[in-house]
Amino acid sequence: MPKDELKAGFRLVGTRPNRPDGLDKVTGRARYGADIVAANMLHAAVVRSPYAHARIKSIDASRALALEGVKAVITRADFPTGLTGEDWNLQENTIAGDTALYDGHAVVAVAATSALVAQDAARLIEVEYEVLPHVTDVDAAMAPGAPVIRAGNADHSVPEGMHPNVVRYIDFGHGDLEAGFAAADLIREGTYKTEATHQGYIEPHACLGQLGADGRGEMWVCTQGHWYIRRMCAAVLGIEAANLRVTPSEIGGGFGGKTTIFMEPLALALSRKAGGRPVKLVMSRAEVLRATGPTASASMDVKIGMKKDGTITAGQVNFRMQGGAFFGMSPIAEALPCAFACYDIPNLMHEGYEVLANRPKAAAYRAPGSPMAAFAVESLLDEMCRELSLDPLQVRLKNAAKEGTKSSYGPTYNRIGLVETLEATIAHPNLSAPLGPNQGRGVAAGFWFNHGGETSVSLQIGEDGTVGVSVGTPDIGGSRASIALMVAETLGIEYEAVRVNVVETGSLGVNEPTHGSRATFASGKAAVEAAESAIKQMCARAAAEWGIDPEAVEWADGAARPAGENAGKFPPLTIGEIGAKMGGTGGPISGHHESVPGGVGASFGVHVVDVEVDPETGKSTVLRYLVVQDAGRAIHPAYVEGQYQGGAAQGIGWALNEEYIYGADGRLQNPMFLDYRIPVASDLPMIDTVIVEVPNPGHPYGVRGVGETGIAPPLAAVANAVAAASGARLRTLPLSPPKVLAAIKAGQ
Amino acid sequence: MRYHAVESFDEAVRISASATGITRFLAGGTDVLVQLRAGSIQPDDIIDIKHVPGVKDITRRADGGWDIGAAVSGIELGAHAELCRDWPGVVEGMRLVGSTQVQGRATLTGNLCNGSPAADSVPGLMAAGATVSVTGPDGARVVAVADIPKSPGKTNLKPGEVITRVHLPPRGENGGDCYLRFIPRTEMDIAVVGCAVSLRVSGDMITEATVALGAVAPTVVLVPAAGAALVGSALDDAALEALVTAARAACRPISDRRGTVEFRIEVAGVLARRAASIAYARAKGETA
């Protein structure tokens, strides 16, 4: 859609009504994964490997099976064989085969009449292991002599002679790198490392599964995408997708970590073995941290060439990432394109390696790969700006990508809003706030692509003129409110007259999960199309009643009206009047839309943070934080701000204290929130936000996906601020106090 | 697992003395219930002492000291204005434990019996010279708080023994105490280093000083040399430097997921200096 056709002058879009799910959530009425119960239900518990790498020699469940109340025990032998590719990966991660591949890998599952009996039974199951050498660090895993996780997993891309743990190699670039560096006045390079972090959603994974001997079943589950759950469970269990009906619960956070399966097939397999009784499986927090989620850990080399005036002449990156013991799980293919996406650089080269390690199978985490890449590139840029005494925001503005720029990863950008975002940042009062002793300011930019994805939406006109919208994208950030606003705006009715429901797999065509910042963009765009389709039908009903041509009817303010004088003089027919009569005028009126929507709008963000570092303890305190980001158009500004703040909060945690800590034995040392240190409320100031609106020409209301970009800049922004405050430049995250204090003392 | 809600400490002792398996006393439950849910303990007997008469009482003795029941919560301590005036360092140590919800249940006695070297309330109690009443199969005794911790997770209490009350000495004139801890966040965390200082002044001169350190050794430890470094000084730079040196010298920490040996030793000195300065100001009546 051309830019000048974008709608403007809105009645509802851009307002801040209460979210429709808000009352349910604050009163406890909302039903989350663990709230689902069924008659005759069993409870499951999982036996997990205490070793990072171990051959499973034998499993003896006889004592567990003898316990009263135990109804089923399953091992890998209860699953079909012969799976390949990602289906095999999913099955292998769901339950270990010959070998446990990480601390926490599921080995046996048991179902019993109560959760306590199931836990007792799990303790009675005897597994004999032969401990194998392990490796958890990404650089160590690709070094000569590292234990081989799984031979023969590398694809054709990997250069000859590399360690078998290196399974994927990617390279791309443009221009003439050598000439680019030759044109630079300053060339600097550095190596940066980030540790794995967990999405840290407040709701642990939970599901209730039922599967009969006939291969037909149901699942209720906390997920970001129930069609993915259906497809993956069907593949792992060897059943047909259409025979598994999956209903999503409300969701207490996902951040990408709930776009895949971890333990759901266990509930179904236990149910099948227990004669079809429903089986409930709820993870503990320790299980969540040991066996789900996390993102990759990364080791990254960056080299940048810059002229004295700040013009970037060349950039080069070499990234190594491990995403656990499974192929294809690291976000290397996303991290590389994000590295220089903010800038217009003529000469670029990217190389990346994916490496297997004895860690849990990584899942998507908010802008997968982008935060690591931004940490490396935006840190080095900051160092170079300081060395050349250049303003870091002006340098970013000078090199900013804009409409028509050939992006670092190939395509030419259409209308994007990085320049406007930088200008709004430079104008913000936080930039002139005075800084005291031991305080420093850091800035960084960040990027995320955003995503269209398979989308199917249905919209129904009610008999009273209210409207139901069925979407397949679980609401993790306020999308029901945003979609209701767009539909109400399009139909010319009140926000409260539209109810958006997230429906189960039997109700719509296949939907991809709520991922890639796509729900408000893709389901929103499809819902607008579905509303337009319903409008067309309602206009046709009015035309039939008036006996005029449907083309002579127009829709405005919630009613069909004759289009102009020549169409005839008829009083408007409201949506309520049309709905009340539709049974007699041709039947139900629904609008549908199915597509893989194009026109996704990339979103750029710039963060500015002020940090105080205690020079005697190395502790960093975030004093002030600003997020400026292009939303395209903020349908519901409060939920856009919430996304900005949430991304910043997670990024601050990643920068300062969050990390997967492995002992020498390869076991996770901190599988609980006490020692996996997510920021608590009192750790953070109110995070200031500025919504920049450079409408996306690919969406009827100009929406860009806003959910993910916010986590890209904070890692580098915080590290840059800590460097400014303390003089300690740390290139390895997290910036935990012992590390910062040691760096301060080393610099003295 | 058997749950016993006892009406008296004698009953508690009777049950625990005859128990053969794993026994846990339950006051606030903020450690026991967490350990139960994490599967790290599976007790055979849980003895709940919350319903014993007097366990929620805070009383001032005739000598001006304080008796604090075994089930008094952190919030109740913090709400007691007179106690806070006398022993602000003891109270602030307890008040740092856990969240607001945890504070509604967590107790001084439980924090001590959990045996953690990082227990936030224990350095303050030790620096204050607090004692506890213990009842057991062999009768009752009074023990210094400093003699209770044995090793991480272990105490010197004998089988069947239970702590019934905590006793704080009379504060007297011109005294002040303080507890500081280091955590990477602002709350909801475990001390990486903790330090309590209790002292008394005469004019500007420090006449008595006791320093206790947490999380830098297998137990919370008293550091007599650190206290001695302050006595006779007006908290001048030389005295503070001697305090820092003595505090660091007393550290025998480990490196773990919360901090390194080097970091803990370094920060122990920093916290000792900061806590001494606050305690000194409090003793002189300069701050609350």
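Helix H11 of chain B runs over residues 261-283 (helices, H or I of at least four residues, and strands, E of at least two, are DSSP runs numbered from the N terminus). Its 23 residues should span 33 Å at 1.5 Å a residue (the expected span is 1.5 Å times one less than the number of residues), and the end C-alpha atoms lie 32 Å apart, which agrees. This is a predicted model, in which local features need pLDDT of at least 70, side-chain atom pairs count only at pLDDT 80 or more, and totals for chains, interfaces and linings use all residues. Residues are numbered from 1 along each chain as its sequence is written, while chains are lettered from A and ligands numbered from 1 in the order in which they are written.

**Around helix H11(B)**
- Of the 23 residues of H11(B), 17 are buried (20 or more other C-beta atoms, placed from the backbone, within 10 Å of a residue's own), so the rest of the structure largely encloses this helix.
- Just after H11(B) comes B:Gly285, with a positive phi of about 75°.

**Where the chains meet**
- Chain B has 15 residues in contact with 18 residues of chain A (C-beta atoms, placed from the backbone, within 7 Å).
- H11(B) gives four residues, the largest share of the side of chain B that touches chain A.

**A sheet in chain A**
- Here you'll find three strands in an open, antiparallel sheet, ordered E4-E2-E6 (strands pair if DSSP finds at least two bridges between them).
- E4 (99-100) and E6 (126-131) are the edge strands, each pairing on one side only.
- Strand E2 (residues 54-60) joins E6(A) through six antiparallel bridges.
- A:Asp60 stands opposite A:Glu126 of E6(A).

Note on methods:
A residue is buried if 20 or more other C-beta atoms lie within 10 Å of its own, exposed if 12 or fewer, and partly exposed in between; C-beta atoms are placed from the backbone. Two residues are in contact if their C-beta atoms, placed from the backbone, lie within 7 Å.
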